[in-house]
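Q: Got a minute to go through a structure with me? I'd like the confidence first, then the strands and the rings.

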Amino acid sequence: MLVNTHKQILLVILILLIGWSAQAQEWTLNQCLDSAIRYNRSLELAKNQVVASSLKYEESRSQLLPKLMVSGDYRYFTDIPYQFLPQAAFGGPEGTFNPIQFGVPHNFSANLTLRMPIYDPQVLSGIKISESYQELAALQRARTEEQVYLDVSNLYYNAQILKNQLIFLRQNQANGQKLERNIRLLYEQKMATGTDLDKVLLQNQQLDAHVIRLENQYQILIQQLKLNIGLPLEKELEINQEILLIEENSTDLASTSDFKIQEIRAKTVSQEIRALKQSKIPSLNLIGNYGTTGFGYGGSPESFLKFYPVSFIGAQISFPVFNGTITTKKIKQKEVELQSAAIQKSLIQDQNSVQYQSATLQQKTAKSQILTSQSQIKLAESIYAKSLLQQQEGLATLTDILLADNALRDSQQSYLNAVVDYLKATLELKKSSGNLIN
């Protein structure tokens with residue numbers, strides 16, 4: 001007796017542990033979002049773009065550092081270059097020249113060259129532009145994070161809806177099986193026709209097929225959710241079936257990521273126009289050179305190889321005069337881009353305002369519909385239960401029961417549709433107000 005008692009206690013503990021393990025596998029929406037922020041591959045790519053833009057900015061800044069270059073050269077002249085000497089320098093007639101070969105066959109040179117920009121408007125403009133691109137990459141990463149947030153939330157909500165729909169359908173299956181048993185009993189007692197039994201069987205079969213279809217859809221959604229949150233596809237994932245209807249009615253509107261991106265793009269175009277205009281300004285560089293030049297001769301009466309130092313410091317100015325109106329054409333193109341960016345920015349702002357107002361209205365409507373649908377479900381359940389009792393007592397027909405069953409299903413579907421509308425409106429409200437992730 002004592003052994004049996006111990007076995008019962010161990011069995012209860014095992015059941016509790018299994019139940020706790022199954023509950024522990026459930027993922028909340030916040031857990032899925034946290035996992036997506038860490039492991040979503042689209043977000044990892046966006047983070048890499050931020051790193052790349054930061055390195056690009058550092059590259060543009062390095063253009064201000066001195067440049068040092070080592071070069072070497074060797075030339076063997078099979079034909080010594082000619083020079084023309086005026087004969088007047090040696091007492092000859094004025095205006096006559098004699099060709100004379102100068103130099104030796106072997107020529108060597110080695111140089112260490114320094115070049116440092118003192119003022120280069122192109123480099124300075126490039127630094128500002130790359131800084132704007134760095135800001136743009138950060139905003140695009142934020143927009144990718146918002147998109148991941150939306151994708152994961154939608155997948156999670158859709159899975160929750162399917163899970164709750166399956167709960168309703170399984171309850172309807174239980175009602176259908178109970179009705180089938182009653183009709184079969186009445187049929188055996190010659191109190192119901194074969195057509196009545198066939199109607200119930202057909203309805204139950206359709207219900208079973210619907211359940212199988214929704215279960216497959218649920219598994220597909222779960223796989224998509226795993227992909228988005230970075231969870232291995234072979235790992236089990238169960239979501240919480242309880243749908244939390246959080247009301248979002250914040251009036252603290254902020255700029256959305258799309259609007260901020262458009263602002264940075266307009267700023268970048270303005271900087272590019274300024275850079276094109278500044279390309280007409282001269283640039284000044286400090287230059288320096290230290291090297292040696294060697295001359296070699298391998299003939300008779302004397303072979304030699306001698307080196308002589310060459311060094312200088314100075315400044316170099318570069319002034320663009322005319323490049324075929326290319327710069328002017330580019331400036332006009334960028335001015336058109338700037339106008340388009342201003343229009344796009346205004347359009348995004350107006351769209352966000354309209355979407356916010358629409359989402360606010362949709363959320364209120366959906367909330368009211370949810371309350372109505374919940375009341376309708378309770379009423380439909382009561383009508384169905386009463387119709388079933390009346391049918392057993394011979395006071396209601398099978399048609400009455402089927403109509404009550406359809407009314408119950410319609411009220412359940414209306415409730416789920418209202419929940420979907422509410423969740424979508426809440427996400428849209430947060431997105432259009434610029435508070436999606438906050």
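Here is the chat about this chain.

Q: What's the mean pLDDT of the chain?

A: This is a predicted model, and the chain averages a pLDDT of 88. 93% of the residues score at least 70.

Q: Which elements have the lowest and the highest mean pLDDT?

A: Helix α1, residues 2-24, has the lowest mean at 44. Strand β2, residues 67-76, has the highest at 95.

Q: Where does pLDDT stay under 50, and how many contacts beyond four places in sequence does the model have there?

A: That's residues 1-24, and the model has zero such contacts for them. Where pLDDT is low, the predicted coordinates should not be read in detail.

Q: Okay, on to the sheet. How many strands form it, and in what order?

A: Four strands, in the order β2-β5-β7-β8. The sheet is open and the pairing is antiparallel.

Q: Which strands stand at the edges?

A: β2 and β8 (304-318) do. Each has a single partner strand, so one side of each is left without a neighbour in the sheet. From one strand to the next, the twist averages 15°.

Q: How many bridges are there between β5 and β7?

A: β5 (residues 106-119) and β7 (residues 283-297) pair over 13 bridges, in the antiparallel sense. For the register, Ser109 stands opposite Thr293 in β7, and Ala110 stands opposite Thr292 in β7.

Q: And what joins β7 to β8?

A: A hairpin, through six residues. The two strands run antiparallel and are joined by 15 bridges. Leu286 stands opposite Ala315 in β8.

Q: Switching to the rings: how many aromatic pairs are there?

A: The count comes to five. One of them is Tyr74 with Phe108, whose ring centres are 4.8 Å apart. Their planes are at 35°, so the pair is tilted. It links distant parts of the chain, with Tyr74 in strand β2 and Phe108 in strand β5, 34 residues apart.

Q: Are those two rings buried or exposed?

A: Somewhere in between. Tyr74 counts as partly exposed, at 44% relative accessibility. Phe108 is partly exposed too, with a relative accessible area of 27%.

Q: What's the geometry of the pair Phe108 and Phe307 form?

A: That pair is tilted, at 6.0 Å centre to centre with 50° between the planes. It also links distant parts of the chain: Phe108 is in strand β5 and Phe307 in strand β8, 199 residues apart.

Q: How about the accessible area of Phe307, what is it?

A: Its relative accessible area is 46%, so Phe307 is partly exposed.

Q: Which residues form one aromatic cluster with Phe108?

A: Tyr74 and Phe307. The three of them form one cluster.

Q: Last one, about charges over rings. What lies over the face of Phe304?

A: Lys306 does, at 5.7 Å from the ring centre.

Methods: Residues are numbered from 1 along each chain as its sequence is written. This is a predicted model: local features need pLDDT of at least 70, side-chain atom pairs count only at pLDDT 80 or more; totals for chains, interfaces and linings use all residues. Side-chain values use heavy atoms; hydrogens and water are left out. pLDDT is the predictor's confidence in each residue, from 0 to 100. Contact means heavy atoms within 4.5 Å. Two strands pair if DSSP finds at least two bridges between them. Axes are lines fitted to C-alpha atoms, for helices over the stretch in contact, and angles run from 0 to 180 degrees between N-to-C directions. Rings of Phe, Tyr and Trp (its six-membered ring) pair if their centres lie within 6.5 Å; planes under 30 degrees apart count as stacked, over 60 as edge-to-face and the rest as tilted. Buried means under 20% relative accessible area, exposed over 50%, partly exposed in between (1.4 Å probe, protein chains only). A charge sits over a ring if NZ of Lys or CZ of Arg is within 6 Å of the ring centre and within 35 degrees of the ring normal.
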